[in-house]
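Biologist: Could you walk me through this structure at a pace that suits a first-year student? I'd like to ask about whatever catches my eye as we go.
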Amino acid sequence: MSIGELFARAGSFFKSDEPSRKDVKAKRKRAAERTWRKVCREVDIRDDGKCRACSRRTTVAFPPTHPLSRHRHHIVFRSQRGPDTTANVLTLCAICHADVHAHWLEIIGNANGELRPVVLDQRAHASRQAV
């Protein structure tokens with residue numbers, strides 16, 4: 001085996017020929033952002049701009065704090081390694097999204113199939129729905 005073949009099998013001879021960790025991380029981040037945008041488009045089409053918990057029409061025209069603004073929610077949170085897939089992401093209005101994170105409302109199921117919103121604190125969630 002020649003020296004050239006040894007280097008070819010071993011990979012790059014010079015470290016500078018390989019992408020830096022920073023470049024690899026940036027490439028991975030760009031790929032994740034492309035995936036997220038694609039999932040958001042598919043979720044918007046599937047959910048038709050309606051909150052999957054209370055069926056209110058939502059819109060992106062309002063600021064995020066407005067009760068009818070459109071939020072995308074992970075059933076299995078990202079912090080718990082929930083994937084960016086249409087089965088795990090759904091549309092919620094700002095009120096229902098805040099109630100999920102306040103543990104007043106829980107979303108159970110698969111976003112592509114059967115979902116079951118479960119009210120954990122009836123008084124708190126009902127008082128916010130009147131807004």
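Biologist: Which residues are linked with Asp 47 in a network of salt bridges?

Modeller: In this model, which is predicted, Arg 46, Asp 47 and Arg 52 are linked in such a network. Within it, the side chains of Arg 52 and Asp 47 meet with 2.8 Å between N and O.

Biologist: And is Asp 47 buried or exposed?

Modeller: Asp 47 counts as buried because its relative accessibility is 5%, which is under the 20% cut-off. Its partner Arg 52 has a relative accessible area of 24% and is therefore partly exposed.

Biologist: How many salt bridges does the structure hold?

Modeller: There are six salt bridges in the structure. Among them is one between Asp 48 and Arg 57, whose closest N and O atoms are 3.6 Å apart, and another between Asp 84 and Arg 78, where the closest N and O atoms are 3.3 Å apart.

Biologist: How covered are the residues in those two pairs?

Modeller: Asp 48 is partly exposed at 44%, and Arg 57 is likewise partly exposed at 45%. In the other pair, Asp 84 has a relative accessibility of 22% and counts as partly exposed, while Arg 78 is partly exposed at 48%.

Biologist: Changing topic, how many disulfides does the structure hold?

Modeller: The structure holds zero disulfides. Cys 51, for instance, is in no disulfide, and the nearest cysteine sulfur, that of Cys 54, is 3.6 Å away.

Biologist: Why is there no bond between Cys 96 and Cys 93?

Modeller: The sulfur of Cys 96 is 3.6 Å from the one in Cys 93, its closest cysteine sulfur, and that is too far for a bond, because a disulfide needs the two sulfur atoms within 2.5 Å.

Biologist: What about burial for these cysteines?

Modeller: Cys 96 is buried, with a relative accessible area of 0%, and Cys 51 also counts as buried, at 2%. Cys 54 is partly exposed, with a relative accessible area of 25%, and lies in the loop between α2 (21–47) and β1. The C-alpha atoms of Cys 54 and Ile 95 are separated by 9.6 Å, although these two residues are 41 residues apart along the chain.

Biologist: You mentioned β1, so which strand is joined to it, and by how many bridges?

Modeller: Strand β1, residues 70–74, is joined to β2 by five bridges, and the two strands run antiparallel. Across this pairing, Arg 72 stands opposite Thr 91 in β2.

Biologist: How many residues of β2 are buried?

Modeller: Strand β2 covers residues 89–93, and five of its five residues are buried. Both of its faces are covered, with Val 89, Thr 91 and Cys 93 buried on one side and Leu 90 and Leu 92 buried on the other.

Biologist: Which residues make up the largest nonpolar core?

Modeller: That core has 12 residues in all, including Cys 51, Leu 90, Leu 92, Cys 93, Ile 95, Cys 96, Val 100, Leu 105 and Ile 107. At least two residues of this core come from each of β2, α3 and β3 (105–109). As background, nonpolar side chains in soluble globular proteins tend to be buried together.

Biologist: What is Val 100 in contact with, setting aside its neighbours within four places in sequence?

Modeller: Apart from those neighbours, Val 100 is in contact with His 73, Leu 92, Leu 105 and Ile 107.

Biologist: And where is His 97 found?

Modeller: His 97 is found in helix α3, which spans residues 94–101, and it counts as buried because its relative accessibility is 15%. Leaving aside neighbours within four places in sequence, the contacts of His 97 are His 71, Arg 72, His 73 and Leu 92.

Biologist: Let's step back to the whole chain: how many helices and strands are there?

Modeller: The protein chain has four helices and four strands, and from the N terminus on these elements run α-α-β-β-α-β-β-α. Of the 131 residues in the chain, 25% are buried.

Biologist: What about the exposed area, and which atoms supply it?

Modeller: The chain exposes about 9200 Å², and carbon and sulfur atoms supply 55% of that area.

Note on methods
Residues numbered from 1 in each chain as written. Predicted model: local features only at pLDDT ≥ 70, side-chain atom pairs only at ≥ 80, totals over all residues. Heavy atoms only, no water. Buried < 20%, exposed > 50% of the residue type's maximum accessible area, 1.4 Å probe, protein only. Contact = heavy atoms within 4.5 Å. Pairing = 2+ DSSP bridges. Core = buried A, V, L, I, M, F, W, Y, C linked by side-chain atoms within 4.5 Å. Salt bridge = Lys/Arg side-chain N within 4 Å of Asp/Glu carboxyl O. Areas by Shrake-Rupley, 256 points an atom, 1.4 Å probe, with all protein chains shown as cover.
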